[in-house]
Amino acid sequence: MARAFASQGDLSEKKISFTEIGDGLYAFTAEGDPNSGVVVGDDSVMVIEAQATPKLAEKVISEIRGVTEKPITHLVLTHYHAVRVLGASAFGANQIIMSEKARAMVAERGLEDWKSEFQRFPRLFEGHDSIPGLTWPTTTFSDRMTVFLGSRKIEIFCPGRAHTAGDAAVWVPDSQVMFTGDIVEFRSACYCGDGHFSDWDATLSAIECFSPEAIAPGRGEALVGVDQVNSAIIGTREFLESTYIPAVKVASRGGSLRDAFDAVRDRCDPIFSDYAIYEHCLPFNVSRAYDEARGIDMPRIWTAERDLQMWEDLQG
């Protein structure tokens, strides 16, 4: 029998930080667990990322109530993954915003993703019995939309395929601050199991074009200042290249998935083994890199059954 996924044994409580990264802008972070973002407007609040369950979302709400009593009216979900969206009901937001592509992915693979992620990483689903069902947006957009919280302008846009095919980012121009979702990570492994390696670099370049002075990444500490922002983007690029290039070389010579796994580990372990969720992400990242290197453009749907079969194949 294959040994358990690394994340199934990750049961330790993570320390929460709530960092102001701009005027009325906050990053909720938890030592490599999924981050959330907060934008305080004139009369109301926007939250970016809902956490995996309503119970976990209450931790974000508690931090918000430490800085403002304004109502939460908008919730932006940067992509469809269960750990980002299933806590949405706790916020009571009038508008739940998602890209059209992300909504289509909820319809296509949201239920399978929920079951898959719950099996892989049970700690992130604390209070899972409180999840009312799949999260559906009330509002979608194709490429870009603008929301005003009073006089505060917020731009929500799709910079390109990266972590998923439907990624969105949130830009607050009055403070030069961006909430990138999992397009950018900081000292945390990128989860690439549903990603697009060949597009991700250009998507990072699209983020750089804004010259953000602070970023709330998908995982890892808040990035305040141009130096930290640049360091995180460089680190994200290095992680992606170190994962994809060895897989491409293996695929080009007709090697197996296990061969690709070994090659990627040889390249990545010396550099990234101390990153948050590294061991959790590695098999899924290699599987997707190997598929993409063999011409599979759209990531195959992960199911609980596929997860286990892939993991068993890699143990042989």
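Reader: Which residues point one way from β12, and which the other way?

Author: This is a predicted model. In β12, Ala214 and Ala216 point one way, while Ile215 and Pro217 point the other way. All of these residues are buried.

Reader: How should one read the sheet to which β12 belongs, and in what order do its strands lie?

Author: Strands of a sheet pair through backbone hydrogen bonds, and the pairing is either parallel or antiparallel. Here the sheet is open, has six strands in the order β8-β9-β10-β11-β12-β13, and shows mixed pairing. Because β8 (144-149) and β13 (223-224) each have a single partner strand, they stand at the edges, and one side of each is left without a neighbour in the sheet.

Reader: In which sense does β12 pair with β11, and in which with β13?

Author: β11 (residues 177-181) pairs with β12 in the parallel sense, over four bridges. There, Val177 stands opposite Ala214 of β12. On the other hand, β12 (residues 214-217) and β13 run antiparallel and are joined by two bridges. In that pair, Ile215 stands opposite Leu223 of β13.

Reader: How does one judge a helix, and what span should α1 have?

Author: The general idea concerns the repeat. An α-helix has 3.6 residues a turn, so residues three or four places apart point the same way. In this structure, helix α1 (residues 54-65) has twelve residues, which at 1.5 Å a residue should span 16 Å. Its end C-alpha atoms are 16 Å apart, in agreement with that expectation.

Reader: Which residues of α1 are buried, and what do they pack against?

Author: The buried residues are Pro54, Leu56, Ala57, Val60, Ile61 and Ile64. They lie on the same side of α1, because they cover an arc of only 155 degrees around the axis. The buried residues of α1 pack against five strands: β1 (17-22), β2 (25-30), β3 (33-40), β4 (45-48) and β5 (72-76).

Reader: Which residues touch the most other members of the largest nonpolar core?

Author: That core has 81 residues, and those touching the most other members are Ile72, Leu75, Phe91, Phe125, Trp200, Ile207 and Tyr278. Helix α5 (residues 226-252) gives the most to this core, with nine residues. Another core, of 22 residues, lies apart from it and includes Ile48, Val76, Val147 and Val177.

Reader: What does Phe91 touch, residues up to four places away in sequence not being counted?

Author: Phe91 touches Val47, Glu49, Ala50, Ala57, Val60, Ile61, Ile72 and Leu75. Among these, Ala57, Val60 and Ile61 are also buried residues of α1.

Reader: How should one read a charged residue such as Asp33: is it buried or exposed?

Author: One may begin with the accessible area and then turn to the partners. Asp33, in strand β3, has a relative accessible area of 10% and is therefore buried. Its side chain makes a polar contact with the side chain of Arg123 (2.8 Å). Leaving out residues up to four places away in sequence, Asp33 touches Lys14, Arg123, Leu124, Gly218 and Arg219.

Reader: What does the side chain of Arg306 reach?

Author: Arg306 is found in helix α8 (residues 304-315) and is buried, at a relative accessible area of 16%. Its side chain reaches the backbone oxygen of Arg300 at 3.1 Å. Beyond its neighbours within four places in sequence, Arg306 is in contact with Asp291, Arg300 and Ile301.

Reader: How far apart are Glu241 and Ser198 in sequence and in space?

Author: Glu241 lies in helix α5 and is partly exposed, with a relative accessible area of 44%. Glu241 and Ser198 are 43 residues apart in sequence, and their C-alpha atoms are 9.6 Å apart in space.

Definitions and conventions:
Residues numbered from 1 in each chain as written. Predicted model: local features only at pLDDT ≥ 70, side-chain atom pairs only at ≥ 80, totals over all residues. Heavy atoms only, no water. Core = buried A, V, L, I, M, F, W, Y, C linked by side-chain atoms within 4.5 Å. Buried < 20%, exposed > 50% of the residue type's maximum accessible area, 1.4 Å probe, protein only. Contact = heavy atoms within 4.5 Å. Polar contact = N/O pair within 3.5 Å; in protein donor to acceptor, adjacent residues only side chain to side chain. Expected span 1.5 Å × (residues − 1). Arc of directions from axis to C-beta. Pairing = 2+ DSSP bridges.
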